[in-house]
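Subject: Structure handover

Hi,

Here is the structure for your files. My notes follow below it.

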Amino acid sequence: MTGRRIEGAELLAVGAELLVGDTQDTNSGEIARELTSLGVEVMRISALPDRLEVVSGALLDALEHADLVMTTGGLGPTPDDLTREAIAAACGEMVAVDPDLERWVEALFARRGIPFSEANRKQAWLIPSANSLPNPNGTAPGWWVERPDGRIIVALPGPPREMRPMWRDHVLPRLAARGLGTDRAAETLRLTGMGESLLVDVIGEDVLRRRNPEVATYARLDAVDVRVSAVAEGGRSARQLVDDAIARLVPALGPYIFARGDEGWPNAVGRRLAGRTVAIAESGTAGQLVALLGAETWLVFDETLAPDSGEARAHPDPTELARHVRALAGTDVGLAVRATEAAGDMQVAIAITDGILDTLQERAAFLGGDQGRRRAANLACTELWRWLGDRSQPAS
């Protein structure tokens, strides 16, 4: 066996339920995020049916280029649970009942007073190159398989309540001992007020096609993200490569960057408030603005008004409503949002006041319904963030 360092991984989620939409594969996303944070490149994520030839073929293909191949699912006792058989076929080995595992599985059923079905005996299987991984939350042990070239196959159960403890307690420590990842770094810039398609012209197609550092764009519900990632190269650390790439991007993107990394609107608005407080009234958004901002200490008062409510009719002007909620709550800033669906889109009026300066912006949010309401809330956050940037000092 060679002490191969784990630099690239492939994840295989096994189960027909994943391919027909009955179950979502959350396991691969969780594992991928953690491996990426540790410097391991996740090269591919695949969902596979419960078919022996497909799973074993995918394993063989993955072992051609990945240092680590991880499977989730297919470790149950039924005939369609074929992950063990597929790993055995890919490794050219035969499964056999491990006496210690057999006693453990039988004891689980005896403890609960449940008859032991012969089908459950396959959960005690191992191949010569595999070691079992304990599963205190289920009846399916995992597998840790060492290949002669140092590549690793890890088989985890599908239920997240079983997968997570096995991954954290038994797989990650072994991977860390083997040597995990390379010098990788990444940072995400969160943008507002610029669509993903416009970024191609602003960033440049040549930059977006580069491999290292890699610049990628993602359209999210509340932002457009620009993720910059790199691997150490040419005597320069990954962090240096990322920082240099961001330094080249900021002159063009700077006015649109409201947050970085995992931050969202609560972080961005809170920073610019600098200790000031806000009261909010929203109409026609179904409470999406408050849901987006969350329970922040600076959000002293929030009210969601039905468009035809008495209070909404009493304050038809958004600026007047912003003044009203500010005075009612005794906050530094008042914000009122009114969204009205028209011709398939959402017309949005956003009023902000600090008792000295009032502003009213009218915007159009693409689409109606829930998507339009969520976009209206995003527009309100954008306008508040910009307004706070212009009004950097608290009102006297």
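Gly39 comes just after helix 2 and has a positive phi of about 90°. This is a predicted model: local features need pLDDT of at least 70, side-chain atom pairs need pLDDT 80 or more, and totals for chains, interfaces and linings use all residues. Numbering runs from 1 along each chain as its sequence is written, and side-chain values use heavy atoms, without hydrogens or water.

Helix 2 covers residues 26-37 (helices are DSSP runs of H or I, at least four residues; strands are runs of E, at least two; both are numbered from the N terminus). At its start, a side-chain oxygen of Asp25 comes within 3.3 Å of the backbone nitrogen of Asn27. Its 12 residues should span 16 Å at 1.5 Å a residue, and the end C-alpha atoms are 17 Å apart, which agrees. The expected span is 1.5 Å times one less than the number of residues.

Buried here means under 20% relative accessible area (1.4 Å probe, protein chains only). In helix 2 that applies to Asn27, Ser28, Ile31, Ala32, Glu34 and Leu35. Their cover includes strand 1 (8-14) and helix 6 (160-178).

Helix 10 (residues 265-273) buries Trp265, Pro266, Ala268, Val269 and Leu273. These fall within an arc of 165° down the axis, so they line one face of the helix. The arc is taken from the directions from the helix axis to the C-beta atoms. Ala274 follows helix 10, with a positive phi near 50°.

Thr188 sits in strand 9 (residues 184-191). Thr188 is buried, at 15% relative accessible area.

Best wishes

Key: Buried < 20%, exposed > 50% of the residue type's maximum accessible area, 1.4 Å probe, protein only. Contact = heavy atoms within 4.5 Å. Polar contact = N/O pair within 3.5 Å; in protein donor to acceptor, adjacent residues only side chain to side chain.
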